[in-house]
Amino acid sequence: MIKIAPSILSADFARLGAEVEDIRIGGADYVHFDVMDGCFVPNISIGIPVLKSLRKATELFIDVHLMIREPVRYAEAFCKAGADLVNFHVEADSEENIAAAIEIARKLGKKTGVTVKPNTPAEAVLPFLPAVDLILVMTVEPGFGGQHFMPNMLPKIETIRGYIEKNNSDCELEVDGGIDPETAPLVKRAGANVLVAGSAVFNRPDRSLAIREIRNA
Ligand code: DX5
Ligand code: ZN
């Protein structure tokens, strides 16, 4: 089943509760919550206090994408603030520390994921695959919404789908960046089953229609 995870990076943050209610009614499966620290990526977004408020405002599954250096430092805080799933970038620290971050989240009863940037090879997910619920493949350089989808990421999505079938068949495969009704069929065909979409959902007046168009594309 294809799941749609609208990214609130393109939402109106002054009306965040209403924006998230709009996508919930519109059929979103997850809400994708992008955290940026201005170091791991060249932008700063939202963090723990906003997650706490959003947790009180919605029952939607919150998928937290941590674009921060050394995320093990904050794994517990994001879990306690209300994340349902926490995504850690494999590039953000040593293998040992990323594994420790996953373990912290898992012990707190949360789902976990690892994320790879465009220049990171597929094999980088292998040490973590048995331990996680989701792999996130970036299809743009992380940091900003509204960028163009990178079609050269399709072989990597296929490769990781192959790893999942062999090693952890319940693991989900998520893609993030430049997903819209044009690019959605490409990533689905390559094996992705969770599609993040920021501008293609929140920049449209009818979010329900936008979600449906991506899901059915
Ligand atoms: C980018 C973020 C994305 C972003 C996607 O660094 O991780 O989640 O919001 O935005 P679109 O869908 O507009 O490319
Ligand atoms: Zn994201």
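The protein chain has eight helices and eight strands, where helices (H or I, at least four residues) and strands (E, at least two) are DSSP runs numbered from the N terminus. This is a predicted model in which local features need pLDDT of at least 70, side-chain atom pairs count only at pLDDT 80 or more, and totals for chains, interfaces and linings use all residues. Residues are numbered from 1 along each chain as its sequence is written, chains are lettered from A and ligands numbered from 1 in the order in which they are written, and side-chain values use heavy atoms, with hydrogens and water left out.

**Exercise 1.** Work out the order of the strands in the sheet.

*Solution.* Start with the rule: two strands pair if DSSP finds at least two bridges between them. Following the pairs gives an open sheet in the order S1-S8-S7-S6-S5-S4-S3-S2, with parallel pairing. Next, look at the edges: strand S1 (3-6) and strand S2 (30-36) each pair on one side only. Now zoom in on one pair: S7 (residues 172-176) and S8 (residues 194-197) are joined by three bridges. Within this pair, Glu-174 has Val-194 as its bridge partner in S8.

**Exercise 2.** Find which strands helix H5 touches.

*Solution.* Use contact, meaning heavy atoms within 4.5 Å. Helix H5 (residues 154-167) packs on the sheet and touches strand S5 (111-116), strand S6 (134-138) and S7.

**Exercise 3.** Identify which residues come nearest to ligand 1, and look for its polar contacts.

*Solution.* First, a residue is near a molecule if one of its heavy atoms lies within 4 Å of it. Of the 20 residues around ligand 1, the nearest are Ser-7, Gly-143, Asp-176, Gly-198 and Ser-199. Then take polar contacts with the ligand (pairs of N or O atoms within 3.5 Å). The side chain of Asp-176 places an N or O atom 2.7 Å from a ligand oxygen. Gly-198 offers a backbone N or O atom, also 2.7 Å from an oxygen atom of ligand 1. For Gly-146, a polar backbone atom is 2.8 Å from a ligand oxygen.

Methods: Axes fitted to C-alpha atoms, helices over the stretch in contact; angles between N-to-C directions. Polar contact = N/O pair within 3.5 Å; in protein donor to acceptor, adjacent residues only side chain to side chain.
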